[in-house]
Structures are given as structure tokens and as C-alpha cells.
Amino acid sequence: MAVKLDGAALAAKLKARIREDASALSRPPALAVVLAGEDAASQIYVRGKERDCAECGIRTRTHRLPADVSQEALLALINDLNRDEDVDGVLVQLPLPEGLEARPVLHALSPEKDVDCFHPLNTGLLALGEPRFLPCTPAGVLALLDAYEVPVRRRRCVIIGRSHLVGRPLAQLFTARDGTVTLCHSKTNDLPGLTRQADILVSAAGCPGLVTADMVKPGAAVVDVSMNRGADGKLTGDVDYPAVEPVAGFLTPVPGGVGPMTRVCLLQNVLRAARLRQGESRD
Ligand code: NAD
């Protein structure tokens with residue numbers, strides 16, 4: 001039976017450490033959140049981030065904007081937050097309402113305050129192996145594997161999904177750790193043939209039931225990043241959990257696996273941004 005990769009428990013431990021580190025700073029770290037529109041899921045995510053920050057002694061200020069806010073007004077707010085000495089990190093909650101373009105907004109953000117690691121300068125630094133911030137979900141996956149002493153070095157890592165948010169940056173982190181990476185996507189031929197070779201298999205396709213037991217190498221570490229909301233409102237991943245559990249060596253639940261780790265990595269980035277701005281580069 002696979003060992004459960006318990007992201008919720010690990011995240012709780014890491015949050016206690018962040019709280020301690022944040023309290024040691026000369027002033028508490030501060031995160032500005034920009035939330036445009038009324039998207040229900042975004043409202044829930046933002047409330048979760050506010051709660052996480054409060055638990056860790058990080059101040060938050062949420063800028064709620066109407067769905068019909070103009071691109072110019074949004075950019076003006078970003079510029080104000082870039083200049084605001086009292087703000088260490090800025091997060092723009094995505095997706096933006098229809099009619100607004102995310103890319104110019106994310107590119108306008110000061111790279112020093114880009115705690116989601118979306119700015120091209122930060123993605124470039126990551127690609128060069130000199131990251132300023134780590135992308136939250138990929139860093140969360142790696143921290144979870146590390147905590148359970150699942151080695152990456154010399155292992156075959158197969159990732160399903162090549163998005164800029166998950167698959168691509170995770171491929172870079174695994175490569176930097178001397179893993180051998182295969183990045184799969186919707187046009188990949190013979191996906192099961194590739195996944196069966198994986199010592200570490202990560203699924204981030206957003207397809208419930210995609211990863212079946214016959215696609216998993218016995219003993220492999222299987223990480224399910226996806227969060228698919230079913231018609232009944234329940235969250236599921238891509239992995240057929242009950243069927244894969246007896247085959248895999250390690251397995252993440254959904255929820256309670258990668259999700260809480262993603263959230264904790266955001267907090268770590270806010271702490272890092274505050275330290276960098278306060279002239280302390282220690283992590
Ligand atoms: P995306 O839609 O941008 O990318 C999906 C990727 O999967 C694409 O590269 C696509 O080619 C690939 N893909 C889709 N169907 C496939 C198939 N049948 N076979 C092989 N490849 C396939 O999605 P995203 O933003 O990367 O998110 C992926 C999933 O991860 C979503 O369910 C999302 O909700 C979840 N997610 C979870 C967290 C978290 O914290 N747990 C964070 C980010 C995203």
C-alpha cells in the first residue's frame with residue numbers, strides 16, 4: 001500500500017516555521033492581493049490566502065475591484081503597489097474578468113514583489129537555475145517529495161501537463177535536481193508506455209481518471225496536482241486513487257496533497273520577498 005504524501009500535515013508544520021521566521025523580521029511581511037470581479041472560486045482562494053497569511057503573521061491587504069475595471073486602472077494600481085514601501089509581495093488573483101488581459105498586468109508587476117513567480121524575469125532566472133522565487137505548485141511538489149525522502153537524482157520523472165503554471169517549471173526544478181524528465185501533454189503518443197517508466201509520476205492534466213493502475217510502475221511516487229470539481233461539487237485529481245494505492249510506493253490525496261503545499265510555498269515567497277527588501281538574503 002502506498003505511503004500517503006500528506007501535504008496538509010506537512011504544510012501545517014512549515015507554517016509554524018514561517019510564523020517564527022516572520023516574527024523575527026523588523027516589521028511583519030505584507031502581501032497585497034488584487035482581486036477583480038466576482039468569480040466564486042477566486043473569492044474562496046483569496047479568503048484562504050488571507051487566512052493562511054494571518055496564521056503566519058503576514059499582513060494582507062486585498063484590493064477588490066469591480067469586474068468592469070479598465071485595464072488602465074488595473075495597471076495604475078499595480079504601479080502604486082510596486083512603489084508602496086509597505087508592500088513586500090503582490091499577487092494578482094487569476095483568472096481576470098473577461099475583457100482584461102492578464103499578461104500585461106503580470107509583466108507590469110515589480111519582479112521583486114512577484115511572489116507567484118510569473119514575471120518573465122523570474123521565470124528566466126528559474127530557467128537559468130538562479131531562482132529568486134520558486135513557482136508555488138512545483139516547489140510544493142518538490143518539498144513534499146523531499147519531506148518523504150523520495151529522491152529525484154538519477155530518477156525518471158514523468159510529468160503529465162506542460163503548462164507554464166505547473167509542468168514546465170516543475171520540469172526545470174526536477175532537472176536542476178539531476179532527475180531525468182519526460183514532459184508529456186495532450187499530443188503525446190503512448191502516454192501509458194512513458195508513465196510506466198516513471199519513478200516519479202506527476203499528473204497535472206486536469207482529467208479525472210486519467211492515471212489508472214496499469215500506468216504506474218510498482219513502487220513509484222505518484223503526485224496528483226489536479227483539482228477537478230465534479231458535478232457533485234467534490235474535488236478529485238487525475239489519479240484513480242483506490243486502484244493506484246496498492247501499486248504506488250507513495251501517493252498524494254486530493255484534497256490534502258499538493259494544494260496545501262502550493263499555499264505554503266506562497267507564504268515562503270512572501271517571507272523571502274520581505275527578507276530581500278529588508279536587506280536580509282537568508283532563507
Ligand atoms: P492547463 O489546462 O493549463 O494544462 C493542462 C496540461 O495537461 C496541458 O499541457 C495539456 O496538454 C495536458 N493534458 C490535458 N489532457 C491531457 C491528456 N489526456 N493526456 C496528456 N496530457 C493532457 O492546466 P494547469 O493550469 O496546468 O492545471 C492543471 C491541473 O492542476 C488543473 O486541474 C488545476 O486545477 C490543477 N492545479 C492545482 C494546483 C494545486 O495547488 N494543487 C495548482 C495549479 C493547478
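**Note on the predicted model: backbone geometry, sheet and packing**

1. Asp 190 sits in the loop that connects S6 with helix H8 (191-195). The model is a predicted one, and in it this residue, although not a glycine, adopts a positive phi of about 50°. Asp 190 has a relative accessible area of 52% and is therefore classed as exposed, the cut-off being over 50%.

2. A second aspartate deserves the same attention. Asp 178 is not a glycine either, and its phi is positive at about 70°. Asp 178 belongs to the loop between H7 and S6, and its place in the chain is just after H7. The relative accessibility of Asp 178 is 41%, so the residue counts as partly exposed. As background to both points, most residues other than glycine have a negative phi, and most peptide bonds are trans.

3. The peptide bonds include cis cases. Leu 94 and Pro 95 are joined by a cis peptide bond with omega near 0°. The loop that holds Pro 95 runs between strand S4 (89-92) and helix H4 (102-108). The bond between Val 254 and Pro 255 is likewise cis, with omega about 0°. Pro 255 is located in the loop between S11 and helix H10 (258-277).

4. Turning to the overall fold, the chain contains 10 helices and 11 strands. For its 283 residues, a compact globule would be expected to show a radius of gyration near 19 Å; the chain has 19 Å, so the two agree. Along the principal axes, the C-alpha atoms occupy a box of roughly 55 × 40 × 35 Å. Buried residues make up 47% of the chain. Among contacts with a separation of 6 or more, 69% are between residues 24 or more positions apart.

5. Surface and charge may be taken together. The chain has an accessible surface of about 13300 Å², and carbon and sulfur atoms contribute 53% of that area. There are 33 positive and 34 negative side chains, with the centres of the two sets 4 Å apart.

6. Which strand order does the open sheet of 6 strands have? The order is S1-S11-S8-S7-S5-S6, and the pairing is parallel. Its edges are formed by strand S1 (3-4) and strand S6 (180-184), each of which pairs on one side only. In general, strands of a sheet pair through backbone hydrogen bonds, either parallel or antiparallel.

7. Two of the pairings can be described in detail. Strand S8 (residues 221-224) and strand S11 (residues 250-251) are parallel and are linked by 2 bridges; Ala 221 has Phe 250 of S11 as its bridge partner. S5 and S6 also run parallel, with 5 bridges between them, and here Ile 160 is bridged to Cys 184 in S6. S5 is mostly covered, with 4 of its 5 residues buried.

8. Helix H7 (residues 167-176) has Gly 167, Pro 169, Leu 170, Ala 171, Leu 173 and Phe 174 as its buried residues. Against which elements do the buried residues of H7 pack? They pack against two helices, H5 (120-127) and H6 (136-147), and against strands S5 (156-160), S6 and S7 (200-203).

9. Val 181 illustrates the surroundings of the edge strand S6, to which this residue belongs. With neighbours within four places in sequence set aside, Val 181 is in contact with Cys 157, Ile 159, Ala 171, Phe 174 and Thr 175. Of these, Ala 171 and Phe 174 are among the buried residues of H7. Is Val 181 buried or partly exposed? Its relative accessible area is 25%, and Val 181 is therefore partly exposed, since buried means under 20%.

10. Finally, two C-alpha separations give a sense of scale. Val 181 and Leu 235 lie 54 residues apart in sequence, and their C-alpha atoms are 28 Å apart in space. For Asp 68 and Val 239, which are 171 residues apart along the chain, the C-alpha separation is 38 Å. Asp 68 is part of the loop between strand S3 (59-65) and helix H3 (71-83), and with 68% relative accessibility the residue counts as exposed.

Terms used: Residues are numbered from 1 along each chain as its sequence is written. This is a predicted model: local features need pLDDT of at least 70, side-chain atom pairs count only at pLDDT 80 or more; totals for chains, interfaces and linings use all residues. Side-chain values use heavy atoms; hydrogens and water are left out. The radius of gyration is taken over C-alpha atoms; the globule rule is 2.2 Å times the number of residues to the power 0.38. Buried means under 20% relative accessible area, exposed over 50%, partly exposed in between (1.4 Å probe, protein chains only). Contact means heavy atoms within 4.5 Å. Accessible areas come from the Shrake-Rupley method with a 1.4 Å probe; for residues, only the protein chains shown count as cover. Lys and Arg count as positive and Asp and Glu as negative; His and the chain ends are not counted. The place of a charge is taken as NZ of Lys, CZ of Arg, CG of Asp or CD of Glu. Two strands pair if DSSP finds at least two bridges between them.
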